[in-house]
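Thank you all for coming; today I would like to talk through the charged side chains of one protein. Please have a look at the sequence and the structure before I go on.

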Amino acid sequence: MATTGASRDAFGTRAGFILAAAGSAVGLGNMWRFSYQASEGGGAAFVLLYIGMTIILGIPLMLAEFGIGRRGQSAPVGALRRVVGPHSALVGWLGAVGSLLILSYYSVIAGWTVRYALEALFVGFPGDTGAHFGAVSAGGSAAAFHVGFMVATLLIVMAGIKGGIERVSLVLMPALFFIVAGLAVWAVTLDGAGEGYSVYLKPDVGDLMNPSVWRAAAAQAFFSLSLGMGAMMTFASYLDRQANLPQSATIVAYTDFGVAFVAGLVVFPVIFSFGLQGAVGASTVGALFIALPSAFDAMGAIGRVVGTAFFVALVVGALTSAISMLEVVTASFIDEFKVPRRTAATAAAILATLLGLLPALDTDVLGLMDKIAGEFLLVLGALLLAILGGWLVRKQMLEELAAGASPWWAAQVPRILAVLRFVVPPIVAAVLFFSARETVTTVVDFFRG
Ligand code: TRP
């Protein structure tokens, strides 16, 4: 079978790989996590730090994942074992386990967005969006939509890289860009949009100096770029040596930032034009599932159209991200246990579905899992990958990353690797320290009740 051993699946086109990687990056993180974090972290101050982190930490780390993945021609466990050595296979397993954990609660949130999109289309937004969210975010409905979303994810991953992931990304990603851009143009017409823009775009110097805003911006960059868990590494393992890796990493990183930025141009004007600032800070999911729907509700018919478009874009983003997480686990099972793709994907999806029942029944568990996997494990993975890629196999990376790159991009490789060696590890280590502290506090609070 073509799914195991000698002939691995592969991307068919350059655009296919870039859109699949951008599809992994662009997701709930861009539209939900980003606008929430930006409103917490002083709007523009957060946005500025975030673009800085994307360029300084994100591009070098993504390149490290691309390089190890393509050279290893295997899922993270096998790629790290081949390229770095037997012990680093553990880092690959960390990625597989972390991806599984993130996928399990990510699918629950994605399930909410599916429900909201269907409701917007068929029945309209409810008057009391807070009560509605309370009723559908945990329990039987949340579990059912989570399972449904996972089945859709599974069907795409089962169809393979070229026939499934690439095909879906080539259609869905342009559709998503189009919808988000259209929404941003519409948002200009809102009364009071100006106040939203000014909070979003004028930096507050105080927040720029605040270390916790720095930490949040770095953690958000890793999450949003799908780094640290081997997702980008897995995709790159399906590439040949013609692909221009430094250029691809740069395009994917800027695309991801671009979508988050433009989504902010939608969210901030809507929130401010309806005076809903309070509802945003109230909970991590407040902006997306409570404040925005109540604004859409207040707008009447146009709100239903715009609201449907907004939630459809979220579903699309969530789906192309979820397939990348399921692919990490699937590819690990295929390469490590030599099982066919269908078996591997089904086993991975069943595990993620079962794990996801916990956050589907209790949103506190969801928050806890996001802290442990979406923040702590992710940053830990990023630090280990920076050290492995930048220090342990630097020579191989220099050669691998230049292969297939045009002369100009090849000339950037040593510079980017120098940043990966000297700049990335200390910053990520500092971020890890603070997020470890926060994770411990969260876990302790959770078990104390
Ligand atoms: N980047 C995605 C988002 O912004 C989420 C995501 C996909 C992810 N794959 C990942 C996060 C791997 C961490 C690791 O929504």
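I will go through the salt bridges, one pair at a time.

Please keep in mind that this is a predicted model, in which local features need pLDDT of at least 70 and side-chain atom pairs count only at pLDDT 80 or more, while totals for chains, interfaces and linings use all residues. Residues are numbered from 1 along each chain as its sequence is written, and side-chain values use heavy atoms, with hydrogens and water left out.

Side chains of opposite charge can pair when their charged atoms come close. Counting a salt bridge as a side-chain nitrogen of Lys or Arg within 4 Å of a carboxyl oxygen of Asp or Glu, we arrive at 15 salt bridges.

One of them joins Asp370 to Arg33, with the closest N and O atoms 4.0 Å apart. Because Asp370 belongs to helix 18 (residues 363-392) and Arg33 to helix 2 (residues 28-40), this pair ties together parts that are 337 residues apart in sequence; helices here are DSSP runs of H or I, at least four residues, numbered from the N terminus. Asp370 and Arg33 are both buried, meaning under 20% relative accessible area with a 1.4 Å probe, protein chains only.

What does Glu375 pair with at 2.6 Å? The partner is Arg215, which is buried at 11% relative accessibility, while Glu375 is buried at 6%.

Glu375 also meets Lys371 in a salt bridge, at 3.3 Å from N to O, and these two lie four residues apart in helix 18, about one turn.

Finally, Arg33, Arg215, Asp370, Lys371, Glu375 and Glu438 are linked in a network of salt bridges.

Technical notes:
Buried < 20%, exposed > 50% of the residue type's maximum accessible area, 1.4 Å probe, protein only.
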